[in-house]
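User: I would like to go through this model and ask, for each label attached to it, what the label rests on. Please set the values against the cut-offs as you go.

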Amino acid sequence: MPKILKRNADPCTITGCKWFKSGEFVYIPFYIDTNYCKRHVNKTKRLTAEVKSTCIRFVPFKTKNSDYLYFYTRPNDGCWSYIGRQGGGQFISLEKNKCLRTSTVSHEVLHALGFNHEQVRIDRDQYIRVLFQNIKPEQKFNFWKVETNNMGSPYDYNSVMHYKKYAFSKNGRPTIAARSRRVHSFGNSYGMSNTDINRVNKLYNCREK
Ligand SMILES: [Zn+2]
């Protein structure tokens, strides 16, 4: 039994925003908006299966389910998710034609599972510099540090939760710089990194394969 859960997860995962485990698996019911067309529905289903190397299983929503994810698409609503289980039905906005890349779906799903952005980790200043002078004022909050819990989880430049170098730049200059000269790229993941997968396994006490 872990005494203190120190994972790269949002503080809410300690106070109750984790999804419930039933036996070996965490079953997360999901409902797909009827505004998607068939090929988008298929893609959404395929991408939610990305987590299969963990103990998370997405299952179709049934009316008896109390907590569930609602994948929806509305013009100009963009890509976003709440962090962790909110209780009841909760939205994940995945605008069709914009947010159905593997990296984006994985990113929003990891938010819903309780994970925060990599660059807001409490220890991030050892690994990156945030260049606040280049960030759009209304987006600065996205770069504020969070008291995440990082036990055994290295800072991962390749995490699908890491922002890109020019995220929310107001002037075309970088908003994030790596501290190590050996790190040339970050925030370019195509899907969940090994570290992302390990974190899910740890947070949800998945049995390691
Ligand atoms: Zn995000």
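User: What is the pairing of the bonded cysteines when they are numbered in sequence order?

Analyst: In this predicted model, the bonded cysteines of the protein chain, numbered in sequence order, pair as 1-2, 3-6 and 4-5, and the count of disulfides comes to three.

User: What makes Cys12 and Cys17 a disulfide, and why is it called right-handed?

Analyst: The sulfur atoms of Cys12 and Cys17 are 2.0 Å apart, and a pair of cysteine sulfur atoms within 2.5 Å is a disulfide, so the pair qualifies. The torsion about the S-S bond is about 60 degrees, and therefore this disulfide is right-handed. Cys12 has a relative accessibility of 18% and Cys17 one of 5%; buried means under 20%, so both of these values place their residue among the buried ones.

User: Which parts of the chain do the pairs Cys55 with Cys206 and Cys79 with Cys99 link?

Analyst: A disulfide with an S to S distance of 2.0 Å joins Cys55 to Cys206; it links distant parts of the chain, with Cys55 in the loop between α2 and β2 and Cys206 in the segment after α4, 151 residues apart. Cys55 and Cys206 are both buried, and their link is left-handed, with -65 degrees about the S-S bond. Cys79 and Cys99 form a disulfide with their sulfur atoms 2.2 Å apart, and this pair links strand β4, which holds Cys79, to the loop between β5 and α3, which holds Cys99, 20 residues apart. Their link is left-handed, at -80 degrees about the S-S bond.

User: Why is Cys79 called partly exposed and Cys99 buried?

Analyst: Cys79 has a relative accessibility of 30%, which lies between the 20% and 50% cut-offs, so Cys79 counts as partly exposed. Cys99 has a relative accessible area of 0%, which is under 20%, and Cys99 is therefore buried.

User: How do you know that the sulfur of Cys37 is too far from the closest cysteine sulfur for a bond?

Analyst: The closest cysteine sulfur to that of Cys37 belongs to Cys99 and is 14 Å away, whereas a disulfide needs sulfur atoms within 2.5 Å, so this distance is too far for a bond. Cys37 counts as partly exposed because its relative accessibility is 32%.

User: What makes three histidines the protein donors of the zinc ion?

Analyst: The NE2 atoms of His107, His111 and His117 lie 2.0 to 2.1 Å from the zinc ion; a donor is an N, O or S atom within 2.8 Å, so these nitrogens meet the cut-off. In sequence, the donor residues are spaced H-x3-H-x5-H. His111, with a relative accessible area of 5%, and His117, at 10%, both count as buried, because each value is under 20%.

User: Why do β1 and β2 count as paired, and which unit do they make with α2?

Analyst: Five bridges join β1 to β2, which run parallel, and since at least two bridges are needed for a pair, the two strands qualify. Val26 stands opposite Ile56 in β2, and β1, α2 and β2 make a right-handed β-α-β unit.

User: Where does Ile56 stand in the largest nonpolar core, and what is it in contact with?

Analyst: This core has 33 residues, of which Ile56, Leu69, Leu113 and Tyr204 touch the most other members; its largest share, five residues, comes from α3. Leaving aside neighbours within four places in sequence, Ile56 is in contact with Val26, Ile28, Val51, Leu113, Val200 and Tyr204.

Notes:
Residues numbered from 1 in each chain as written. Predicted model: local features only at pLDDT ≥ 70, side-chain atom pairs only at ≥ 80, totals over all residues. Heavy atoms only, no water. Donors = N, O, S within 2.8 Å, 3.2 Å for Na, K, Ca; no water. Buried < 20%, exposed > 50% of the residue type's maximum accessible area, 1.4 Å probe, protein only. Core = buried A, V, L, I, M, F, W, Y, C linked by side-chain atoms within 4.5 Å. Helix = DSSP H or I, 4+ residues; strand = E, 2+ residues; numbered from the N terminus. Contact = heavy atoms within 4.5 Å. Right-handed = clockwise from strand over helix to strand, strands pointing away.
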